[in-house]
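Q: I've got a model open and I'd like to learn how to read it, feature by feature. Can you walk me through it?

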Amino acid sequence: MIICIAHKKDLDGLGSHAIVRRYAKKENLDIEHHFVSYDDLGEVFRQIEGSEGNLIVVADLGYNSKIPLETVKSLYANNRFIWIDHHDWSSGRKLLEAGFKFIHSNERCAAELVWNYFLPEDRVAERIARLAHVHDFRDEGELAWKLYDVISSGYDKLKFVDFLARGITWNDVFQEVYENYQKVKEKGYDYLEKHMVVVKVDKYSCIMAISKKYLSSTLASLYLQEKGSDFVIVLYPDGKMSFRRNNPEMNLAKMAELFNGGGRAVAAGGRLDKEINEENFKIVTEEIVDIINRKIHEIAPVQESITTH
Ligand SMILES: [Mn+2]
């Protein structure tokens with residue numbers, strides 16, 4: 001059996017799921033999908049502890065400090081274990097010592113790496129991978145962004161993945177879901193606009209806002225990023241945090257580590273151990289600023305200027 005553990009929030013993660021699903025069908029293997037976010041990955045490894053003789057594929061999920069090293073080691077010892085990713089692993093060296101097969105690139109998205117590894121000759125897998133790339137690298141491409149809206153709407157992930165795996169990238173169901181979600185998005189942007197603050201962290205400007213759950217972190221943060229601050233933090237009522245930047249000096253993977261998360265330099269996610277609401281929003285933002293401030297020189301290392309005589 002294949003156990004596929006990949007990101008649940010975007011086209012890269014679900015595209016990775018879809019390509020592995022297509023591979024499973026081709027090889028006549030059963031497949032179990034785990035739709036995971038960065039911060040609950042450790043929990044999923046614990047859930048499948050004891051698995052033996054399976055192919056475990058982890059995709060589009062980076063290292064975070066909550067991943068149980070011993071559990072991963074035992075999964076690797078008893079299964080074929082492959083990790084395919086494009087996130088920042090600079091803090092994850094200890095985990096890599098477990099010795100599993102690790103495929104990593106900074107130039108390609110996870111779905112492209114999954115396509116190349118599992119189904120390099122397959123045109124459907126290629127199409128899925130290219131759509132994922134458009135979204136992950138914020139390129140132009142109407143279909144990729146429409147599919148992302150379908151994902152963001154909360155549409156059933158397994159159904160979505162199954163359509164893609166069968167080579168169906170658009171249909172009437174997606175169209176209806178997409179159209180309904182446009183109204184929801186507008187409401188979400190309106191709420192963000194009314195629940196945001198601009199703060200200073202060291203010399204950097206940051207926009208923080210509470211988002212409604214139905215607006216995805218990518219959509220919420222893209223909306224806020226357009227306002228031009230150095231970086232943005234989107235907060236969700238359950239404590240989830242999402243980081244995006246305009247200023248390339250900042251390493252958001254490092255920032256997210258302060259909040260039990262991880263990700264990439266350009267985009268990362270974490271979690272606060274409390275609920276966030278309109279009442280405590282101001283205090284929470286101050287706490288977040290304090291936490292980041294203490295480590296700002298690791299997040300945005302000052303470039304030493306070298307003077308020559
Ligand atoms: Mn990705």
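Q: Where is the kink in α9 centred, and how many degrees is it?
A: One caveat before we start: this is a predicted model. To read a kink, you compare the helix axis before a residue with the axis after that residue. In α9 the kink comes to about 25 degrees, with Gln182 at its centre.

Q: What span should the 23 residues of α9 have?
A: The general idea is a rise of 1.5 Å a residue. Helix α9 covers residues 172-194, so 33 Å is what you should get, and the end C-alpha atoms sit 34 Å apart, which agrees.

Q: Which residues of α9 are buried, and what covers them?
A: For burial you count neighbours: 20 or more other C-beta atoms within 10 Å makes a residue buried. In α9 that picks out Phe174, Tyr181, Gly188 and Leu192. Their cover includes two helices, α7 (142-152) and α10 (217-225), along with the strands β6 (196-201) and β7 (204-210).

Q: β6 and β7 sound like part of a sheet. What is the strand order there?
A: Strands of a sheet pair through backbone hydrogen bonds, and the pairing can be parallel or antiparallel. Here you have an open sheet of 6 strands, ordered β6-β7-β8-β9-β11-β10, and the pairing is mixed. At the edges are β6 and β10 (262-263), each of which pairs on one side only.

Q: Mixed how? Which pairs are parallel and which are antiparallel?
A: Take the pairs one at a time. β7 and β8 (residues 231-235) are parallel, with 5 bridges, and Ala209 has Val234 in β8 as its bridge partner. β9 and β11 also pair over 5 bridges, but in the antiparallel sense; there Met241 is opposite Gly270. β10 and β11 are antiparallel too, joined by 2 bridges, with Gly263 opposite Ala268. A hairpin of 3 residues connects β10 to β11.

Q: Is β11 mostly covered or exposed?
A: Mostly covered: 4 of its 5 residues count as buried.

Q: What about helices on this sheet: which strands does α10 lie across?
A: Look for contacts first, then the angle between directions. α10 lies across β6, β7, β8, β9 (240-245) and β11 (267-271), and runs at about 140 degrees to β8. Helix α12 (residues 281-294) packs on the sheet as well, touching β6, β7 and β8, with its direction about 25 degrees from that of β6.

Q: Now the other sheet. What is the order of its 5 strands?
A: The order is β2-β1-β3-β4-β5, in an open sheet with parallel pairing. β2 (31-36) and β5 (101-104) are at the edges with a single partner strand each, so one side of each has no neighbour in the sheet. From one strand to the next, the twist averages 15 degrees. Strand β1 (residues 2-7) and β2 are joined by 6 bridges, and Ala6 is opposite Phe35 in β2. Helix α5 (residues 110-118) packs on this sheet, where it touches β3 (55-59), β4 (80-85) and β5, at about 135 degrees to the direction of β4.

Q: Zooming out, how many helices and strands does the protein have, and why call it as compact as a globular protein?
A: It has 13 helices and 11 strands. The radius of gyration is 20 Å, close to the 19 Å the globule rule gives for 309 residues, so the protein is as compact as a globular one of that length. Buried residues are 43% of the 309.

Key: Residues are numbered from 1 along each chain as its sequence is written. This is a predicted model: local features need pLDDT of at least 70, side-chain atom pairs count only at pLDDT 80 or more; totals for chains, interfaces and linings use all residues. The radius of gyration is taken over C-alpha atoms; the globule rule is 2.2 Å times the number of residues to the power 0.38. A residue is buried if 20 or more other C-beta atoms lie within 10 Å of its own, exposed if 12 or fewer, and partly exposed in between; C-beta atoms are placed from the backbone. The expected span of a helix is 1.5 Å times one less than its number of residues. The bend at a residue is the angle between axes fitted to the seven residues ending there and the seven starting there. Two residues are in contact if their C-beta atoms, placed from the backbone, lie within 7 Å. Two strands pair if DSSP finds at least two bridges between them. Axes are lines fitted to C-alpha atoms, for helices over the stretch in contact, and angles run from 0 to 180 degrees between N-to-C directions.
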